[in-house]
Amino acid sequence: MSRVQLALNVDDLERAITFYSTLFDTAPAKREPGYANFAIERPPLKLVLLENSGQGGTINHLGVEVDTSEQVHGEIARLSEAGLFTEEQIATTCCFATQDKVWVTGPNAEKWEVYTVLADTDNFGAAPEFATDDAEAVQACRSTGSAPSESAVDESAACCTPGAKDKATASGTCRN
């Protein structure tokens with residue numbers, strides 16, 4: 001089943017979990033420090049909450065979750081043939097999962113991903129080159145919306161979105 005994904009920045013994760021659990025009458029499917037996601041059946045929605053103090057109520061990114069890697073690769077071909085610039089991330093770790101995905105940017109700079117989850121992981125997706133531990137890297141991403149400072153990293157690159165170049169994409173990781 002395909003479903004739309006909405007990833008929201010929230011100021012207070014616990015408060016947001018309580019609200020969205022009530023609104024959609026369902027508990028989170030996955031819950032980690034600073035992160036929760038809901039697999040909502042009706043309407044078909046993947047709701048991702050990212051604790052990002054001071055950014056609450058803003059869209060982090062949008063997406064479409066699909067069932068297979070073949071569907072992701074089909075979208076890569078279709079979007080490329082339609083003339084859209086795509087950024088592929090294959091077997092990348094993001095949001096406590098290994099995923100295949102493709103990113104495109106909408107007409108107002110909104111970030112969209114088409115992705116499939118290959119497996120759950122125990123880390124958010126931090127690259128060892130960026131920080132001494134995953135928690136430090138994840139917090140840096142959440143607080144700035146970009147990868148931690150490195151001369152080889154595009155400072156304006158959003159976490160887990162197109163533009164997280166150099167070491168982030170070369171290491172097969174992304175941060176959301």
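**Strand pairing and overall architecture**

Strand 1 pairs with strand 5 in the antiparallel sense. Six bridges link the two strands. Strand 5 covers residues 59-65. One of the bridge partnerships sets L8 against I59 of strand 5. All of this is read from a predicted model.

Strand 1 also pairs with strand 4, which spans residues 45-51. Here the two strands run parallel, and seven bridges join them. L6 has L47 of strand 4 as its bridge partner. Strand 1 thus has an antiparallel partner in strand 5 and a parallel partner in strand 4.

Strand 1 itself comprises residues 3-10. The strand is mostly covered. Of its eight residues, six are buried. In a regular strand, side chains alternate between the two faces of the sheet.

These pairings belong to a chain with four helices and eight strands. Along the sequence, the elements follow the pattern β-α-β-β-β-β-α-β-β-β-α-α. The pattern opens with a strand and ends with two helices. Four strands in succession separate the first helix from the second. Three further strands precede the closing helical pair.

The chain contains 176 residues, of which 47% count as buried. Its accessible surface comes to about 8600 Å². Carbon and sulfur atoms account for 52% of that surface. Contacts between residues at least 6 apart in sequence were also examined. Among these, 55% join residues at least 24 apart.

Technical notes:
Residues numbered from 1 in each chain as written. Predicted model: local features only at pLDDT ≥ 70, side-chain atom pairs only at ≥ 80, totals over all residues. Heavy atoms only, no water. Buried < 20%, exposed > 50% of the residue type's maximum accessible area, 1.4 Å probe, protein only. Pairing = 2+ DSSP bridges. Contact = heavy atoms within 4.5 Å. Areas by Shrake-Rupley, 256 points an atom, 1.4 Å probe, with all protein chains shown as cover.
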